Amino acid sequence: MKKTLIFGLLFVSTMAFCQTQISDYKPGVTPEGAVYFLPKTAIRVAVKVEKTTFTPGEFCKYAERYLRLGNVQRKASVTHRVIDCNIMPYGEADKEKAFAVKFNAKSSASNIRLTDDGRLVALNTEPTAEPQFAVFTPAPKPQPENPRDLMSEEILSAGSTAKMAELTAREIYDIRESKNALNRGEADFMPKDGEQLRIMLDNLNRQDRILSSTFSGTSTKDTAEVVFTLCPDKEIERQVLFRLSNQLGVVDADDLSGTPYYINVKDLKTVPEESADEGKKKKEKEDGIYVNVPSKVAVTIFQGNTEIASAEFQAGQFGHTELLSGELFNKRYTTRLKLSPTTGGVEKLDAEMPK
C-alpha cells in the first residue's frame, strides 16, 4: 500500500522558504518536511525442487522370475533435484540514501508518494505498481491406487508371497493379451466405436500399470519452492547460495552434506562512475530531488560449471545518485516525476506550463 503525503497542508510553517530545500537525513533529526529514501535493488531467487520417493513393489524379488524385469530396485529411496530457478529484482529502502525535503508556496512539489518503507516513487502523479511475486501452489496429488483392489480372490487367498506373485504375473499377461486382441480387432467382444475402444484400452492399461507396480515399484513426485533473498552492496563471485542434498533436499549454505549452488552478481557498468568532485558539488547544491542512476547487473546461478539461471536488470545501489534541479519544481510548472520502486531511477519526468 502506498502512502500519500500532501505537504501543502502539513507544512504551512515552511512557506517562508524561497525554494525547495534538500538535506541529508541524520538519525535523530527530524526537520519540518518529509524524509524519503531511495531504493536499492534486492534479488529474489525462487528455486523449485522436485522430490522423488521410490517405494519397492511387494513382489520386487520375483520381478526377474515372472516378468523378466532386470535390475529392479528393492530398497526405498528419496532423491531431490532442481527443476527450475527464477531470478527477480525488487526494491528495498536504502537507509544510506535518506533525504529530507521542505516545501514552500513557490514549489510545485506538493504531492509525494512513498512506499510503506519510505521509498520515494512518485511526485504529482500515480506511482508504478511494484512487482508481485506469485505464490507457488503445488498441483494436487491423485490418490494412490491399491493394487490389491484389482487382485482376484484366488490371488489374495494364495498361501505364500511367491504364489501371489505368480498368480499376479499371470493376471498381468492376461491383461496384455486382451489389449493385443483389441488392437488387432480379434477380441471376442469388440467395441462398437472408437470411443468405446479407447475407454477399454485405457482401463486395461491402468490395470496393467497398477499390477505391474507390485513388481517394479512406484515413484511419487512432489515439488516445493524455496525462496532466497539477498541485497548485495558490491559484486559477488561464487558465493554459496544454498546446498542441495540428494536425500534431504535444500540445506543451509554451510551444510556440507549438500552440493553447493553458487551465485554471481556482476556490475556491467552501464553508467559512468561518479567522481569525487561531482559528489562534492552535489553536496554543496541541495536544491532539487535526488534520484538514482542505476547500472545494469548480471546475476547468474550455477552448480559446478553448469548455469542454472541468469538474468540482467538495473540495480539502484550500482551506478550513482543524481540531483534533479529545483527549477523543475518551480510553481511556474506542473512537474510530474515517476521513479522505479525497484531501482529509484527516473521512469517518467514531464513538466507543463499552467494555462
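This passage walks through the overall make-up of a predicted model, then its aromatic pairs, one long-range threonine, one helix and one loop residue.

The chain folds into six helices and 14 strands. Of its 355 residues, 41% are buried. Among contacts with a separation of 6 or more, 73% join residues that are 24 or more positions apart. The surface that the chain exposes comes to about 20400 Å², and carbon and sulfur atoms supply 50% of that area.

Aromatic side chains make a handy starting point for a tour of the interior. A search of the whole structure yields eight aromatic pairs. One of them joins Tyr36 and Phe99, whose ring centres are 5.7 Å apart with 40° between the planes, a tilted arrangement. Tyr36 belongs to strand β3 (residues 34-55) and Phe99 to strand β4 (residues 77-102), so to speak of this pair is to speak of a link between distant parts of the chain, 63 residues apart. Tyr36 and Phe99 are both buried. A further pair is made by Phe242 and Tyr261, with centres 4.7 Å apart and planes at 10°; since planes under 30 degrees apart count as stacked, this pair is stacked. Here Phe242 comes from strand β8 (residues 236-245) and Tyr261 from strand β10 (residues 259-267), so the pair ties together parts that lie 19 residues apart in sequence. Phe242 and Tyr261 are buried as well. Tyr36 and Phe99 also belong to one aromatic cluster with Tyr290.

Rings in this model meet charged groups too. Lys95 places its charged end over the ring of Phe37, 5.7 Å from the ring centre. Arg238 does likewise with Tyr262, its charged end being 4.1 Å from the centre of that ring.

Strand β3, which holds Tyr36, also contains Thr41. With a relative accessible area of 1%, Thr41 falls under the 20% limit and is therefore buried. The side chain of Thr41 has two backbone partners to look at. A polar atom of this side chain lies 2.9 Å from the backbone nitrogen of Gly316, and the side chain reaches the backbone oxygen of Thr342 at 2.8 Å. Leaving aside residues up to four places away in sequence, the residues that Thr41 touches include Pro89, Tyr90, Cys231, Pro232, Phe313 and Thr343.

Turning to the helices, α4 (residues 161-184) has 24 residues and spans 35 Å from its first C-alpha to its last, close to the 34 Å expected at 1.5 Å a residue. Buried residues in α4 include Met164, Leu167, Ile172, Ile175, Lys179 and Leu182. The cover over the buried residues of α4 includes α2 (63-67), α3 (153-156) and α5 (194-216). After α4 comes Gly185, with a positive phi near 75°.

A loop residue offers a counterpart to Thr41. Thr270 is found in the loop between β10 and α6 (276-284). Its relative accessible area is 45%, which lies between the 20% and 50% limits, so Thr270 is partly exposed. In sequence Thr270 and Ser295 are 25 residues apart, yet their C-alpha atoms are 5.2 Å apart in space. Setting aside residues up to four places away in sequence, Thr270 touches Pro294, Ser295 and Lys296. With Lys296 there is also a polar approach, in which the backbone nitrogen of Lys296 lies 2.9 Å from a polar atom of the Thr270 side chain.

Definitions and conventions. Residues numbered from 1 in each chain as written. Predicted model: local features only at pLDDT ≥ 70, side-chain atom pairs only at ≥ 80, totals over all residues. Heavy atoms only, no water. Phe/Tyr/Trp six-rings, centres within 6.5 Å; stacked < 30°, edge-to-face > 60°. Helix = DSSP H or I, 4+ residues; strand = E, 2+ residues; numbered from the N terminus. Buried < 20%, exposed > 50% of the residue type's maximum accessible area, 1.4 Å probe, protein only. Lys NZ or Arg CZ within 6 Å of the ring centre and 35° of its normal. Polar contact = N/O pair within 3.5 Å; in protein donor to acceptor, adjacent residues only side chain to side chain. Contact = heavy atoms within 4.5 Å. Expected span 1.5 Å × (residues − 1). Areas by Shrake-Rupley, 256 points an atom, 1.4 Å probe, with all protein chains shown as cover.
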